[in-house]
Amino acid sequence: MIQPWLLADEPASFWFPEQASTFAPEVDFFFHAVLWICIVFFTLIVAGMIYFVWKFRQRPGYQGSPEALHNNTLEITWTVIPTLIVVWIFVRGVYGYLDMMSPPTETYDIEVKATQWNWSFKYPNGALSNDLHIPINKPIKLIMRSEDVIHSLFIPAFRCKTDIVPGRLNTMWFQAIKEGSFDLYCTEYCGTKHSLMQAMTVVQSQEQFDAWLAEASKPPEDPIEWGKWLYERQGCKGCHSIDGSLVVGPSFKGSFGTSMDMSDGQKVTMDEQYIRNSILNPQSQARVNFAAKINQMNSYAGKLKEEEISALTAFIKSLK
Ligand code: CUA
C-alpha cells in the first residue's frame, strides 16, 4: 500500500529508513546499543524477580530469614557495572551530539524558511525551491528561520532533526552519502495542516545538482511570471503586498493606472514611467502618507536591468 505521507521513493518499512547521511550509522548503532542494553537488563531483572518469588515463596516447613542479608561483592558489582555503562552512554552521546552541532568550516549553505504550512529553500545564487535539493558527499548547512510559529525540520533517512524557533536562526548540518529522494517532515505541531508540511530531499551528483540549480535560477520567459519571480526574489515582497494589505510601502494591487495624491500636493497617474522612477530613484517621489517611510527603500539602479524593470511593471499591471 502506498502511504500518502510518503512522498519520496523510499519503500515503506517497519524498520528504520535507509542510512543516507554520514550521521546515520552512528545514530543507529547508538540507538541499538542502548536498546539492547535495556533488553538485556530488563530480561535479567525480571527473570531474577520471578526466580526469587518462586524460591522464597511461603510454604509448609519453610522458615524465611528474619532480617535482610548483606553481600558486599554483589552490591559493588551491581553498582559499578551499570555506572560504567551509563558513563559510556554519556560520553559517546556527547561526542555524537558535538559532531552534529559543529559543522565543518566549508559548507554549502541553504536558507530555509518555514511557514504555516510550507517549506521554502533558498540557494546561494538566489534560486528558490519547495523541495530540498543537495549534492552528494558535500557538507550542507541549513540556516533556518520561521515566519510564524515553531516548526521542526526532520529528514529521517539522515537521522537529523532541529527545531525552528521563531525570532532566531537555527542551523543544522549533514552530509548525504546516497543519491535518491528522501522524505522531509515538520515534526513540531504547528497548526491544523502540520501533517501536510512535508517536502522531499533530493540528493544528486554534483553535476546533476549544478544542472538543476542552473535551471531553477532561470527566470520564467513570460513577462508577468518573470515580474512575479523578481518580486519574490528582489525584496519587493518584504514591503509591498499584492493583496491590498499594507506592509511598509503601498500595496501593488489595483494600483496601475490610478491617480495618486503625492506628498507635495500633486496628482500623478501610476504608469510605466512612475514605476521605473520609483524603482531607480525611490526618494524622488512619495505618495501622501508614505513620505515618512520613503527612506526605507533603496534605489535599484545598477541592480535591475531595463528588461527586469519592464517585467516588474508587467507584473504590477496584471494585479487588477
Ligand atoms: Cu510546521 Cu508542523
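**Notes on the predicted model**

1. Let me start with Ala68, which is exposed, at a relative accessible area of 78%. That is well clear of the cut-off, since exposed means over 50%. Ala68 sits in the loop between α1 (24-55) and α2 (72-101). If you want a pair to span the model with, try Ala68 and Ile316: C-alpha to C-alpha they are 87 Å apart in space, with their positions 248 residues apart in sequence. Keep in mind throughout that this is a predicted model.

2. On the domains: the assignment splits the chain into domain 1 (8-55 + 70-101), domain 2 (108-216) and domain 3 (223-318). Note that domain 1 is given as two segments, 8-55 and 70-101. Ala68 belongs to the α1-α2 loop, and residue 68 is not within the bounds listed for domain 1.

3. Now the pairing of domain 1 with domain 2. Their centres, taken over C-alpha atoms, are 31 Å apart. Domain 1 puts 16 residues into the contact and domain 2 puts in 15. The area buried between domain 1 and domain 2 comes to about 1500 Å², with carbon and sulfur atoms giving 53% of that.

4. What about the polar side of that interface? There are 2 salt bridges across the interface of domain 1 and domain 2, and 9 residue pairs are in polar contact there. On the domain 1 side that touches domain 2, α1 and α2 are the elements giving two or more residues. The most comes from α1, with 3 residues. By type, the residues on this side of domain 1 are 8 nonpolar, 3 polar and 5 charged.

5. One salt bridge to look at in the viewer is Lys178 with Glu18, where the side chains meet at 3.6 Å, N to O.

6. Some backbone spots deserve a look. The peptide bond joining Gln116 and Trp117 is cis, with omega about 0°. Trp117 lies in the loop between β1 (108-115) and β2 (118-122), so I'd check it against those strand ends.

7. Two asparagines have positive phi. For Asn137, phi is near 55°, and the residue falls in the loop between β4 (132-135) and β5 (139-146). Asn289 has a positive phi of about 80° and is found in the loop between α5 (272-280) and α6 (306-318). Is Asn289 buried or exposed? Asn289 counts as exposed because its relative accessibility is 70%, and the cut-off for exposed is over 50%.

Definitions and conventions. Residues numbered from 1 in each chain as written. Heavy atoms only, no water. Helix = DSSP H or I, 4+ residues; strand = E, 2+ residues; numbered from the N terminus. Buried < 20%, exposed > 50% of the residue type's maximum accessible area, 1.4 Å probe, protein only. Domains from an automatic or database assignment. Contact = heavy atoms within 4.5 Å. Buried area = accessible area lost by both parts, 1.4 Å probe. Salt bridge = Lys/Arg side-chain N within 4 Å of Asp/Glu carboxyl O. Polar contact = N/O pair within 3.5 Å; in protein donor to acceptor, adjacent residues only side chain to side chain. Nonpolar A, V, L, I, M, F, W, Y, C, P; charged D, E, K, R; others polar.
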